[in-house]
Amino acid sequence: RAIAAIEKTAGASGLWGEASAAGTRRPLLDALSYPNRRVQYEAALALGAAQPREAFSGSDRVVPILASAIRSASARYAIVIADNPTDQAPLKTALEGRGFTVLSPAKSFRDIEQELAEAPGIDLIVSVLPPESTVNLISEVQGRVNLAATPVLAQVGAPAYFDLDKKYAGEQRVKIVRDGISAAEVAVASEQLLEVAVGEKVSADEASGYNRRSLAVLRDLAVSGNTVLNVADASGPLTSALEDSAGETRLAVAEVLSYIASKNVQVALMDAATGATGEEQVGLLNRVADSAKRFGNLLEPRHVSAVVKLAMGDGSNEQATAAASLMGALKLPNADLLPLIITNDAK
């Protein structure tokens, strides 16, 4: 409620202005890293809705946080980092049993960079590493923009346990446990850490609200061409959301994606369109056309063939009209188009 009030009444200086004196806090910017997902979402929504035109400390966190609310704000994602594969598998299984979606277990973040980039957000990191590697891991987590607010549960051997437990005693988002406890006990300790560091799990109704509001803010940022809060930073999670969503939400995601200049994004839009049916397919074809009008034809030959087939009547009149409109937006050369029309007509 406090963030909502600030959003309505404060100017730029109140929302993201740099501190004017040593020790002066900037609560809304601090909220982007606050160990509670609801607070992060509300802060990002307030900052995104304000349409900042100059970069500020923490501006690079706003779009990733909004993107993390798109797929499912109620889902929980975890990472298992362990040197030994025999430690990785049981931890993954135990966390999945507690409702987490667990990325591929790895020895370091380097092994899962692509998965990490595509994940809507990471709620928990569990590690089983030597003491020095554990300290380095925690330092790396705290230094990464997309992980800075993620709690870490680190499992270490008895000789180092007391030293590390004392070292991180004042850190709410770090919990040290002794090596040798079972994977099930680690999962329970993880839940306890999350309750302290992040708060209660976001409900399904709350998640739906955050999804809708985040999409609206991202759309406004995309339409305005905001360069401080660049929606292209959300292309990975949004592309994944395009695959997982349906109906109005899917079309809203597609609209935001149509403002992102990327071959992968335009291809993902067209793949979604060719796999859809009825009104949803019409809407997605129109979003591909919007993308093509803004950034040109970035599609592959297989997509062009599918568009021609739809335009020639392999579907409803509405689908054929949308496909024909897309053909116009793609500005296909007649020399390339004629063989496809003849081929499809012969079929």
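How many bridges join β4 to β5, and do these strands run parallel or antiparallel? The legends below take up this predicted model one close-up at a time, starting with that pair.

**View 1. Strands β4 and β5, side by side.** Five bridges join the two strands, and they run parallel. To find your place in this pairing, look for Val-152, which stands opposite Val-174 of β5. From β4 the chain passes through helix α9, residues 158-167, before it reaches β5. This β-α-β crossover is right-handed.

**View 2. The open sheet and its edges.** Here are five strands with parallel pairing, in the order β2-β1-β3-β4-β5. The edges are held by β2 (100-102) and β5 (174-178). Each of these has a single partner strand, so one side of each is left without a neighbour in the sheet. On average, neighbouring strands are turned by 25° against each other, direction ignored.

**View 3. Strand β3 meets strand β4.** Moving along the sheet, we come to β3 (residues 124-128) and β4 (residues 152-156), a parallel pair joined by four bridges. A handy landmark is Val-128, whose bridge partner in β4 is Gln-155. Helix α10 packs on the sheet, where it touches β1, β2, β3, β4 and β5. The direction of α10 makes about 145° with that of β4.

**View 4. Helix α6 across three strands.** Helix α6, residues 85-97, lies across β1 (76-82), β2 and β3. Relative to β1, helix α6 runs at about 165°.

**View 5. A closer look at Val-188 in helix α10.** Helix α10 covers residues 183-197, and Val-188 is found within it. Is this residue buried or exposed? The answer lies in between: its relative accessibility is 35%, and because buried means under 20% and exposed over 50%, Val-188 counts as partly exposed. Do look for Arg-98 in this view as well: Val-188 and Arg-98 are 90 residues apart in sequence, while their C-alpha atoms are 8.4 Å apart in space.

**View 6. Helices α8 and α9 packed together.** To finish, here is α8 (residues 131-143) with α9, the two packing at an angle of about 20° with their axes 11 Å apart. Angles under 35 degrees count as roughly parallel, so α8 is roughly parallel to α9. Their crossing is right-handed. On the α8 side, Pro-131, Thr-134 and Val-135 make the contact; on the α9 side, the residues to find are Ala-160, Leu-164 and Lys-167.

Terms used: Residues numbered from 1 in each chain as written. Predicted model: local features only at pLDDT ≥ 70, side-chain atom pairs only at ≥ 80, totals over all residues. Heavy atoms only, no water. Buried < 20%, exposed > 50% of the residue type's maximum accessible area, 1.4 Å probe, protein only. Pairing = 2+ DSSP bridges. Axes fitted to C-alpha atoms, helices over the stretch in contact; angles between N-to-C directions. Contact = heavy atoms within 4.5 Å. Right-handed = clockwise from strand over helix to strand, strands pointing away. Parallel < 35°, antiparallel > 145°, perpendicular 65-115°, else oblique. Left-handed = near helix turned anticlockwise from the far one by under 90°.
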